[in-house]
Amino acid sequence: MKGHGGNHGSTGSHGNGDDRDSERGLRGLIGSGASQVGVSAAMRARDASRPTEADLAEAEQRVVVIRRNWVPREDLPRTPR
């Protein structure tokens, strides 16, 4: 599939082989045909994968959000209307 996806035929050293392997693996999972999982099974899997209260509390403690070049709205210059 030359030129398919974001590579556009480039042969640089940016891990194109890894990208192709990942894409191939993803296609193997989702396939091109009908879903192999029924609606009720998919809904159960969705519900089982939701984070618990403990997961959310741990994420609240561990995750650090960094906003590059962010300025609080109050500090922005006001423009006359």
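This is a friendly dialogue on reading a predicted protein model.

Trainee: Where should I begin, and how many helices and strands does the protein have?

Mentor: Begin with the secondary structure. The protein has 3 helices and 0 strands, and from the N terminus on the order is α-α-α.

Trainee: How confident is the predictor in this model, on average?

Mentor: Keep in mind that the model is predicted, and look at the pLDDT. The average for the protein is 74, and 65% of the residues score at least 70.

Trainee: In which helix is confidence lowest, and in which is it highest?

Mentor: Confidence is lowest in helix α1, residues 16-30, with a mean of 72. It is highest in α3, where the mean is 95.

Trainee: Where does pLDDT stay under 50?

Mentor: Look at residues 1-13, where pLDDT stays under 50. For that stretch the model has 10 contacts beyond four places in sequence.

Trainee: What share of the residues counts as buried?

Mentor: A residue counts as buried when its relative accessible area is under 20%. Of the 81 residues in this protein, 1% meet that description. The accessible surface comes to about 8,100 Å², and carbon and sulfur atoms make up 53% of that area.

Trainee: Now for charges. How many salt bridges are there?

Mentor: The general idea is that side chains of opposite charge can pair when their charged atoms come close. In this protein, the count is 3 salt bridges.

Trainee: Which residue pairs with Glu 58?

Mentor: Arg 62 does, and the N to O distance between the two side chains is 2.8 Å. Both residues belong to helix α3, which covers residues 53-62. Because they are 4 residues apart in that helix, about one helical turn separates them.

Trainee: Is Arg 62 buried or exposed?

Mentor: Arg 62 counts as exposed, because its relative accessibility is 63%. Its partner Glu 58, at 38%, counts as partly exposed.

Trainee: Which residues are joined into one network by salt bridges that share partners?

Mentor: The network is made of Arg 46, Asp 47 and Arg 50. Asp 47 forms a salt bridge with Arg 46, with the closest N and O atoms 3.3 Å apart. Asp 47 also meets Arg 50 in a salt bridge, again with 3.3 Å from N to O.

Trainee: What are the relative accessibilities of Asp 47 and Arg 46?

Mentor: Asp 47 has 39%, so it counts as partly exposed. Arg 46 has 41%, so it counts as partly exposed too.

Trainee: One last feature: the backbone angles. Which residue has a positive phi although it is not a glycine?

Mentor: That residue is Asn 69, with a phi of about 60°. You will find Asn 69 in the segment after α3. With a relative accessibility of 80%, Asn 69 counts as exposed.

Methods: Residues numbered from 1 in each chain as written. Heavy atoms only, no water. Helix = DSSP H or I, 4+ residues; strand = E, 2+ residues; numbered from the N terminus. Buried < 20%, exposed > 50% of the residue type's maximum accessible area, 1.4 Å probe, protein only. Areas by Shrake-Rupley, 256 points an atom, 1.4 Å probe, with all protein chains shown as cover. Salt bridge = Lys/Arg side-chain N within 4 Å of Asp/Glu carboxyl O. pLDDT = per-residue confidence, 0-100. Contact = heavy atoms within 4.5 Å.
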